[in-house]
Amino acid sequence: MSVHVLADYLNRDPEIRPDGFIVEGPRAGGHSSPPRGKQVLDEAGEPVYGPRDDADLARIASVGLPFWLAGGYASPEKVAQARAAGAVGIQTGTLFALAQESGLKPTLRSRLVSQLANGKLSVRNDPRASPTGFPFKVAELAETLSDEGRKAARGRICDLGYLRQPVERPDASISYRCPSEPAHMYRRKGGDAEDTVGRTCLCNALMANVGLGQLRRDGYQEEPAVTLGQDLTGAETLVAMHPGGWTARQAVNWLLSA
């Protein structure tokens, strides 16, 4: 969650009250909430976030449930700052996605860490990539679907279907569709063709990230699309401390060093 209003709502009913909250800022990896209000894109085509998108931590703390902060908190100083604000701790994914024990394909991880060490790794918040409609962070890396040409060359297919959406047919039966499937099939199921523009098949791409990309009959190997957080400060510090790469234990020890 990203706003205190949702924390208040979820805490109100014991039937849906969670054990706690992950309060996620817009720089966190993977999917993120779109900006509140009308969407505005910057010159790079990324959503612009403003003060309305900042979580009111005092209000969230007043709910009385434990919470953790995510998205730009991956450093010892930020851990201390989060706890001073009333958080139990922080959530970080990027430090562990790039750690030696990560499930990422070793060749992918090695290339990412190399770009990080050279100061050339960047992560784009793509407002169109995900079929869910939420902005999705994509690491800019050659030979992955962050390359628009490679994404366009991929034949559209939806065969894993983890992000499909149920829709009701005129006869009241249920169908499933995904903006990343072939456009004509999406339209046939009542979808708007505009929704298919720029979409990435994240189901197949994320499986390819961990070495399980499908091999098609025509010889096409599904390609990865790596997601990381946009705040790389912590990862840059770790790679300077451990040029050959770091372990999860080293990441945890560093985060707790303050």
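**Group meeting: a walk through helix α8 and its surroundings**

In helix α8, the buried residues are L202, C203, N204, A205, A208 and N209. I start there today, and I should say at once that what we have on the screen is a predicted model. Helix α8 covers residues 202-209, and because 6 of its 8 residues are buried, the helix is largely enclosed by the rest of the structure. What do these buried residues pack against? Their partners are α5, which spans residues 106-117, and β5, which spans residues 136-139. Just after α8 comes G211, where phi is positive, at about 85°.

From the helix we can move to the cavity. With the rule used here, the count comes to 1 cavity of 30 Å³ or more, and the largest cavity has a volume of about 30 Å³. Its lining includes L202 and C203, which we have just met in α8, and the other lining residues are P131, C158, L163, C178, S180, T200 and C201. As general background, rolling a probe the size of a water molecule over the atoms shows where empty space is left.

Next, please look at S130, which sits in the loop between β4, residues 123-126, and β5. Is S130 buried or exposed? Its relative accessibility is 0%, and since buried means under 20%, S130 counts as buried. The side chain of S130 makes a polar contact of 2.7 Å with the side chain of H31. If we leave aside neighbours within four places in sequence, S130 is in contact with H31, F136, R199 and L202, and L202 brings us back to the buried residues of α8.

T200, one of the cavity-lining residues, leads us on to K151, because I would like to follow the polar contact of 3.4 Å that joins the side chains of K151 and T200. K151 lies in helix α6, residues 148-153, and at 12% relative accessibility it counts as buried. Not counting residues up to four places away in sequence, K151 touches D126, L145, G198, R199 and T200, and R199 also appears among the contacts of S130.

Let me turn to the loops. E143, in the loop between β5 and α6, has a phi near 65°, which is a positive value in a residue other than glycine. At 53% relative accessibility, E143 counts as exposed. A172 also has a positive phi, of about 75°, although it is not a glycine, and A172 is found in the loop between β6, residues 165-168, and β7, residues 174-177.

Now to strand β1, residues 21-24. In a regular strand the side chains alternate between the two faces of the sheet. Along β1, F21 and V23 point to one face and are buried, whereas I22 and E24 point to the other face and are not buried. Strand β1 runs parallel to strand β2, residues 67-70, and 4 bridges join the two. Which residue of β2 stands opposite V23? That residue is L69. Between the two strands the chain passes through helix α2, residues 57-62, and this β-α-β crossover is right-handed.

I will finish with N253, in helix α10, residues 248-255, which counts as partly exposed at 48% relative accessibility. N253 and P76 are 177 residues apart in sequence, while their C-alpha atoms are 9.3 Å apart in space.

Methods:
Residues numbered from 1 in each chain as written. Predicted model: local features only at pLDDT ≥ 70, side-chain atom pairs only at ≥ 80, totals over all residues. Heavy atoms only, no water. Helix = DSSP H or I, 4+ residues; strand = E, 2+ residues; numbered from the N terminus. Buried < 20%, exposed > 50% of the residue type's maximum accessible area, 1.4 Å probe, protein only. Polar contact = N/O pair within 3.5 Å; in protein donor to acceptor, adjacent residues only side chain to side chain. Contact = heavy atoms within 4.5 Å. Pairing = 2+ DSSP bridges. Right-handed = clockwise from strand over helix to strand, strands pointing away. 1 Å grid on protein atoms, 1.4 Å probe; cavity = no way out; pocket = protein on both sides within 12 Å on 5 of 7 lines; lining within 4 Å. Points joined across faces, edges and corners; volume = space filled by probe spheres on them.
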